[in-house]
Structures are given as C-alpha cells and as structure tokens.
Amino acid sequence: MTMKKILLTVIAGLLMSGTAVAENSLRTGAKAINLTVNTTGDSVLLSEALDTRLKGKYFTSNTMAILFGVGLNLYGSDGDGTDMSLMGGVRSYQGSGDFATFFGGSISYADLESLGNVTEIAFLGEFGGEYFFHRQFSVEGSLRAGYASADFGPVTVTNLGTFGGQISLNYYF
C-alpha cells in the first residue's frame, strides 16, 4: 500500500469516527478525579516521584478546565517526616469528541521533609489528548515542559526544559 493510500485511509477513518462520537463529559460544570498511573522521563520534580497526588478537574466551560491537586505522605517509625504537595492550573480543550486534544499550564509546590526539608516549585506547560471509553471514564496522555527548582538547603537545583510525559486515568461525576 502506498503512502498516499495509507494517508487517505486514516483520514477517512477519522472522518467516519467523527460521525459516531459517543457522549462524553466535556461540558460546563463537569468534575473529575484524576490518578496518574505512569510518569516517564528524568525530572527534578521530586514531589511527583515521592508522593501520590490526587488530582481533580472542574470545567468552567465546555473547553476550559481548572486543575487542582494535593499529595500527602506520612512516614511511620522507620521513615522521616511528612511530605506534602499542592498543584493548580488550567487546561484548554481543542475539541469535544471521544478524543480531545488539550494544552495548559500548572504551578506546583512541595515540602518534602523525608529528604531533609527540601522545598520545590515548578511551572509547567503541557500538551496532550484525552480519550473517552465511556461518558464517565477516560485516559489521557501529556507531554510537559517548563521550569522547576528544588532547594536542598545549601544547594538549589533548577531545570529548564522537558519533563517527560504522563498517562492518567479520569473518573467524571
């Protein structure tokens, strides 16, 4: 099959899938809980490597969502301290079908006592897509880039560049 035929087949498939779009939850007032199941790439984002963030979304319009997240790790007798993180951001969706692309940005702050009172701040931009399997369930993937700084006391580590990708599951209610 030639490259031209492959391209025409893909375009025809995309056009046909647009006519059979299932209902999803990209609408004003929708809320979602998000769980990241995989983070790739090397990153200075210690808070994402050490804690679990419960993230949420609230749609202010059919194409705009506010993002928020919180993470907390309490270490027992063999651990040291408590780690906490906060995250907030916005996301703009570029479609409303079963597959919708998006771009956005976020800011996060973390206080990681388990590493000796390390504080971290990050400003990230993202681009990705979200696919709905059902009105209430979706999977999303994104690539991120931006600035992150972690203060280890006498040493501060900063990164400017790409921060890998994420794959997340969403439940809309």
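**A chat about strands E3 to E6 and the aromatic residues**

Biologist: Where does Arg91 lie with respect to Phe102?

Modeller: Arg91 lies over the face of Phe102, 3.9 Å from the ring centre. A charge counts as sitting over a ring if NZ of Lys or CZ of Arg is within 6 Å of the ring centre and within 35 degrees of the ring normal. Please note that this is a predicted model, in which local features need pLDDT of at least 70 and side-chain atom pairs count only at pLDDT 80 or more, while totals for chains, interfaces and linings use all residues. Residues are numbered from 1 along each chain as its sequence is written, and side-chain values use heavy atoms, with hydrogens and water left out.

Biologist: How many helices and strands does the chain have?

Modeller: There are two helices and eight strands, arranged along the sequence as α-β-α-β-β-β-β-β-β-β. Helices (H or I, at least four residues) and strands (E, at least two) are DSSP runs, numbered from the N terminus.

Biologist: And what percentage of the residues counts as buried?

Modeller: Of the 173 residues, 34% count as buried. Buried means under 20% relative accessible area, exposed means over 50%, and partly exposed is in between, with a 1.4 Å probe and protein chains only. The accessible surface of the chain is about 9700 Å², and carbon and sulfur atoms account for 66% of that surface. These areas come from the Shrake-Rupley method with a 1.4 Å probe, and for residues only the protein chains shown count as cover.

Biologist: Back to the strands. How do E3 and E4 pair?

Modeller: Strand E3 (residues 64-74) pairs with E4 in the antiparallel sense, over eleven bridges. Two strands pair if DSSP finds at least two bridges between them. Val70, for instance, has Leu86 in E4 as its bridge partner.

Biologist: What about E4 and E5, then?

Modeller: E4 and E5 also run antiparallel and are joined by eleven bridges. They form a hairpin with five residues between them, and Ser92 stands opposite Phe103 in E5.

Biologist: Which strand does E5 pair with over 14 bridges?

Modeller: That is strand E6 (residues 118-132), again in the antiparallel sense. E5 and E6 form a hairpin with five residues between them, and Gly116 in the turn has a positive phi of about 90°. Phe102, the residue under Arg91, stands opposite Gly128 in E6.

Biologist: Is Ser106 in E5 buried or partly exposed?

Modeller: Ser106, in strand E5 (residues 99-112), counts as partly exposed because its relative accessibility is 21%. Leaving aside neighbours within four places in sequence, Ser106 is in contact (heavy atoms within 4.5 Å) with Met87, Gly88, Gly89, Ala122, Phe123 and Leu124. Met87 is 19 residues from Ser106 in sequence, and their C-alpha atoms are 7.0 Å apart.

Biologist: Which backbone atom does the side chain of Asp83 reach?

Modeller: The Asp83 side chain reaches the backbone nitrogen of Glu113 at 3.0 Å. Asp83 belongs to strand E4 (residues 82-93) and is buried, since its relative accessible area is 0%.

Biologist: Where is Gly81 found, and what is it in contact with?

Modeller: Gly81 is in the loop between E3 and E4 and is partly exposed, at 25% relative accessibility. Apart from neighbours within four places in sequence, Gly81 is in contact with Asn73, Leu74, Tyr75 and Glu113. The C-alpha atoms of Gly81 and Ser114 are 5.2 Å apart, with their positions 33 residues apart along the chain counted as sequence separation.

Biologist: Changing topic: how many aromatic pairs are there in the whole structure?

Modeller: A search finds eight aromatic pairs. One of them is Tyr171 with Phe173, which is stacked at 6.3 Å centre to centre, with 20° between the planes. Rings of Phe, Tyr and Trp (its six-membered ring) pair if their centres lie within 6.5 Å; planes under 30 degrees apart count as stacked, over 60 as edge-to-face and the rest as tilted.

Biologist: Are Tyr171 and Phe173 buried, partly exposed or exposed?

Modeller: Tyr171 is partly exposed, at 35% relative accessibility, whereas Phe173 is exposed, with a relative accessible area of 51%.

Biologist: Which residues form the aromatic cluster?

Modeller: Phe59, Tyr93, Phe102, Phe132 and Tyr172 form one aromatic cluster. Phe102 is also the residue whose face lies beneath Arg91.

Conventions. A polar contact is a pair of N or O atoms within 3.5 Å; within protein, one must be able to donate a hydrogen and the other to accept it, and residues adjacent in sequence count only if both atoms are side-chain atoms.
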